[in-house]
Amino acid sequence: MNFIAMLRLELLRLRVRPFGWVLLALGIGWLGWNFTLMVGSFLASQVQRAGLPDSPGYVDLVAVPLLGALAQLAFLVVPLLGMSTLAGERRNGTLAVLLASGVPASRIVLGKYAALVLWLLVWLALTLAMPLSLAHATSPDWGKLAAATLGLFLMLASLSAIAVAASAFTSHPALAAVVGLLVGLGLWTLNLGAQRAGIDDGAINAIAMSTHVQNLLRGLVSSTDLLWFVLVIAACLALATRRIATDRERG
Amino acid sequence: MTVAAANPVLQLDHVGRRRAGRMVVDEVTLELGAGQVLGLLGVNGAGKSTTLAMIVGALQPDMGTIRIGGKDLTEEPIATRQLVGWLPERAPVWPELTVAEHLATHGRLRGLRGTALRAAGDAALAQAGMTELRQRLAGALSQGQRQRLCLACALLHRPALLVLDEPANGLDPVHAAALKQTIRTLAQGGTAVILSTHLLAEATAVCDHVAILHEGRLRHVGAIAAGDQAALERTFFEIAMHGANPAARAA
């Protein structure tokens, strides 16, 4: 039950803080603008595409690029939303109160992580509502859309875990945001050099986040990609839990 | 050195804590029974807050054992912490939550639900004189009001041991008097109370025993006669200036 109490606390804090709403509104506004441009370009190219066999459809030209835009935004928004989860508690002195209340470190971390992911799910749902609002007028590839949505969800969940872990190691939320941003970008661009050199396989590509997200955005769901996200999330949450547990030892 | 207690609620046995290679709390042994009020005195840096943080489980002792209600804090950390209410020195709050939301959160973390949670919240608010501030944001409270809010949160689950770290910080004379009355009422109801303070007058007014810490070591423990501030002052200043209590120096 401690987990539910922590989840409720964090959701309540996210709900009443203007910062989360401002980020959500700015993000949705920017994505809405992108969506309008994408729909315009989709309509403009309709005649050209009609003559092509296997031409890209609504999902390829509107829905997936929109989710791609959300992914770009997520690198900045997720660390900003997650920076205060644990660093803010430590800075406030409330982390010690939570630990003294008998809440295990794992429940504190999981509760805060789950709240952040739920908040980002709202963001993902609102973004997805844009292409879905016009889906009745087209014949979308539902399978590809589902895979891309799963990819984005897993990416947001991974970035959230990174943000929570970064937040667990400091009492300065701004520092946590910078570390979260750098680690997220680092994981994404890890294989940039290899890709430019034309290397499509190898360990560096397997480690990079971009490889796994791009597969899902293309509609390819593989257990390797899913396992990568599960491992990153589990590792980050385990690190965060360990760090919070050592707060009692370090003081 | 111990406070004699037939059924001790709190037992510290050679408890110590090291920081930066120095013992900030050194082999403190102490017992406190139900209904007793112990004042923990000492100059700044004497180790009072560290001792209290170890008692509530926010810090882990490097040596010794802490038992609360007969249970070992290390072996049964969750069950033991449920017996303790803690008012930390800085009275940390979540500024974006209201007073009522604080109580609801603390209650849920302590396992209270539904009508029991509401009833406990109302009683704690009344006890802390905060009923009319129920809907006020914690960030808008004065330091004294935050102290009272944290006291209400600490009392919510009717703890067997109440730990107060500088409880009179920021309180006006009216609420300071009310706090003393609350402590006496709680003690009469069987709650063991341990409070740290710089104010010798406060100690003589509400405590039936005092313990004086100096450089991490317990130098004096004993009962005090109500209102006998002069004797306490002599002992305190002797220890603060010479590091030993008058009886030990005479011997």
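A residue is called buried under 20% relative accessible area, exposed over 50%, and partly exposed in between, with a 1.4 Å probe and protein chains only. By that rule B:E166, at 6% relative accessibility, counts as buried.

The model is predicted: local features need pLDDT of at least 70, side-chain atom pairs count only at pLDDT 80 or more, and totals for chains, interfaces and linings use all residues. Residues are numbered from 1 along each chain as its sequence is written, chains are lettered from A and ligands numbered from 1 in the order in which they are written, and side-chain values use heavy atoms, with hydrogens and water left out.

**Stop 1: the surroundings of B:E166**

Select B:E166 in the loop between β7 and α6 of chain B. Helices (H or I, at least four residues) and strands (E, at least two) are DSSP runs, numbered from the N terminus. The phi of B:E166 is near 50°, a positive value in a residue other than glycine.

Next, select B:R158, in the loop between α5 (143–155) and β7 of chain B. B:R158 also has a positive phi, of about 50°, although it is not a glycine. Is B:R158 buried or exposed? At 72% relative accessibility, B:R158 counts as exposed.

**Stop 2: strand β7 of chain B**

Select residues 161–165 of chain B, which form strand β7. In this strand 5 of the 5 residues are buried, so β7(B) is largely enclosed by the rest of the structure. On one side B:L161, B:V163 and B:D165 are buried, and on the other B:L162 and B:L164 are buried, so that both faces are covered.

Two strands pair if DSSP finds at least two bridges between them. Strand β6 (residues 84–87) of chain B runs parallel to β7(B) and is joined to it by 4 bridges; to find the pairing, select B:W86, whose bridge partner is B:V163. With strand β8 (residues 192–196) of chain B, β7(B) pairs in the parallel sense over 5 bridges. Here the bridge partner of B:L164 is B:L195. Following the chain from β7(B) to β8(B) leads through helix α6 (residues 173–188) of chain B, in a right-handed β-α-β crossover. Right-handed means that, with the strands pointing away from the viewer, the path from the first strand over the helix to the second runs clockwise.

**Stop 3: the six-stranded sheet**

Widen the selection to the open sheet of 6 strands in chain B, whose order is β6-β7-β8-β3-β9-β10 and whose pairing is mixed. Its edge strands are β6 and β10 (217–223), each pairing on one side only. Within the sheet, strand β3 (residues 37–41) of chain B runs parallel to β8(B), with 4 bridges between them. B:V37 stands opposite B:V193 in β8(B). Now add helix α8 (residues 229–242) of chain B, which packs on this sheet and touches β3, β9 (209–214) and β10 of chain B; contact means heavy atoms within 4.5 Å. The direction of helix α8 makes about 15° with that of β9(B), where axes are lines fitted to C-alpha atoms, for helices over the stretch in contact, and angles run from 0 to 180 degrees between N-to-C directions.

**Stop 4: the four-stranded sheet**

Select the other open sheet of chain B, in which 4 strands lie in the order β2-β1-β4-β5 with antiparallel pairing. At its edges stand β2 (22–33) and β5 (71–72) of chain B, each with a single partner strand, so one side of each is left without a neighbour in the sheet. Strand β1 (residues 8–19) of chain B pairs with β2(B) in the antiparallel sense over 8 bridges. The bridge partner of B:V15 in β2(B) is B:V28.

**Stop 5: the cores**

A nonpolar core is a set of buried Ala, Val, Leu, Ile, Met, Phe, Trp, Tyr and Cys residues joined through side-chain atoms within 4.5 Å. Select A:W123 and A:M209, which touch the most other members among the 79 residues of the largest such core. Helix α4 (residues 58–82) of chain A gives the most to this core, with 16 residues. Leaving aside neighbours within four places in sequence, the contacts of A:M209 include A:M155, A:L187 and A:W228. A second, separate core has 45 residues, among them B:L103, B:L117, B:A124 and B:I212.

**Stop 6: A:G57**

Finally, select A:G57, in the loop between α3 (46–50) and α4 of chain A. A:G57 is partly exposed, with a relative accessible area of 25%.
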